[in-house]
Amino acid sequence: MSVHNSPQAVTIKTLAKLKAAGEKFSCLTAYDYCSAYATSKAGVEVILVGDSLGMVIQGHDSSLPVTIQDIAYHIRCVRRGNVGSMIMADMPFMSYYSEDVSLKNAAVLMSEGAHIVKLEGGAWLAESTHLLSERGIPVCAHMGLTPQSVNHLGGYSVQGRDPDAAQTMVTEALTLQEAGASVLLLECVPEDLGQRITKALRIPVIGIGAGAKTDGQIMVWHDMMGLWPGRPAKFVKNFLRDTDGDIQAALKLYVEQVRDGSFPGPEHSYE
Ligand code: KIV
């Protein structure tokens with residue numbers, strides 16, 4: 001039986017088994033009851049309550065204004081609609097600047113119903129990652145393009161293009177794995193770097209704009225449904241257009257195309 005067909009709720013063990021079996025899995029953001037219900041019913045393994053809500057829900061021009069209370073509120077909404085997916089909570093900007101602060105804020109999100117928290121950054125997060133995972137809070141490390149650092153990066157651009165930066169990313173990903181991270185999320189990196197990091201790590205790697213070779217894929221709900229009014233990024237696919245406006249069918253199509261490897265295609269990936 002495929003790991004996908006298990007009737008049990010998805011946990012970090014499920015993702016590890018999927019990686020070991022070479023089966024791809026899908027992840028999607030959701031911020032409210034109905035979208036969480038539809039997403040989990042469609043078989044999406046991981047629902048991310050992402051700080052992208054700062055843009056797609058609140059209308060800000062970045063994720064920086066999002067607070068821990070905002071994420072906690074949306075976790076409560078999503079939790080009521082979820083039927084078996086793993087709920088990942090984003091730790092918002094400046095909610096994990098020190099180990100103590102990260103533990104305090106991660107505990108709030110876990111108490112609201114998250115199953116894992118996501119922190120943006122590299123090796124500097126090793127101590128916090130270790131502390132949280134030792135205290136029973138699974139961690140997803142978010143590397144590559146880290147939107148909370150948009151001002152430091154100077155824009156939303158592909159990361160790890162030059163060989164030194166790519167090597168640093170591999171090394172730092174290994175450091176976070178050793179520190180106790182259960183999952184890694186890679187955003188906007190060339191496809192070959194996505195593949196290299198996925199092969200180097202024993203933990204599951206989720207990609208967005210990281211090519212087709214990562215263990216899982218993630219998208220933002222509003223991108224997948226063609227709702228974002230701005231110009232879509234290269235890695236975005238509007239699944240609703242392919243299903244004549246049927247939301248449940250669009251979600252199922254996304255799940256199928258991630259599983260069979262047809263999404264993302266070369267047109268959604270960076271060389
Ligand atoms: O906040 C978010 O939606 C994210 C995704 C872009 C992965 O972090």
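So, D90: one of its polar side-chain atoms lies 3.0 Å from an oxygen atom of the ligand. Keep in mind that this is a predicted model, so every distance here is computed from predicted coordinates. D51 also puts a polar side-chain atom 3.0 Å from a ligand oxygen. And then there's K118, where the distance from a polar side-chain atom to an oxygen of the ligand comes out at 2.8 Å. How much of the ligand does the protein cover? Taken on its own, the ligand has 260 Å² of accessible area, and the protein covers 95% of that.

Okay, who else is around it? Besides D51, D90 and K118, the surrounding residues include T29, L48, G50 and S52. Going further along the chain, you also meet H142, L185, E187, I208 and V220. Sort that shell by class and you get four nonpolar, four polar and four charged residues. As for where the ligand sits, the space it takes up is the largest pocket.

Now, leaving the pocket, let's talk about cavities. The structure has one cavity of 30 Å³ or more, with about 60 Å³ of space in it. Which residues come closest to its centre? Those are I208, G209, Q217, F235 and F263, out of 13 that line the cavity. You've heard I208 already, since that residue is also on the list around the ligand.

In terms of elements, β7 (205–208) and β8 (216–219) are the ones that give two or more residues to this lining. β8 gives the most, three residues. And the classes? The cavity lining has seven nonpolar residues, six polar ones and no charged ones.

Key:
Residues numbered from 1 in each chain as written. Predicted model: local features only at pLDDT ≥ 70, side-chain atom pairs only at ≥ 80, totals over all residues. Heavy atoms only, no water. Near = heavy atom within 4 Å. Polar contact = N/O pair within 3.5 Å; in protein donor to acceptor, adjacent residues only side chain to side chain. Areas by Shrake-Rupley, 256 points an atom, 1.4 Å probe, with all protein chains shown as cover. 1 Å grid on protein atoms, 1.4 Å probe; cavity = no way out; pocket = protein on both sides within 12 Å on 5 of 7 lines; lining within 4 Å. Sits in = over half its atoms within 2 Å of the grid points. Nonpolar A, V, L, I, M, F, W, Y, C, P; charged D, E, K, R; others polar. Points joined across faces, edges and corners; volume = space filled by probe spheres on them. Helix = DSSP H or I, 4+ residues; strand = E, 2+ residues; numbered from the N terminus.
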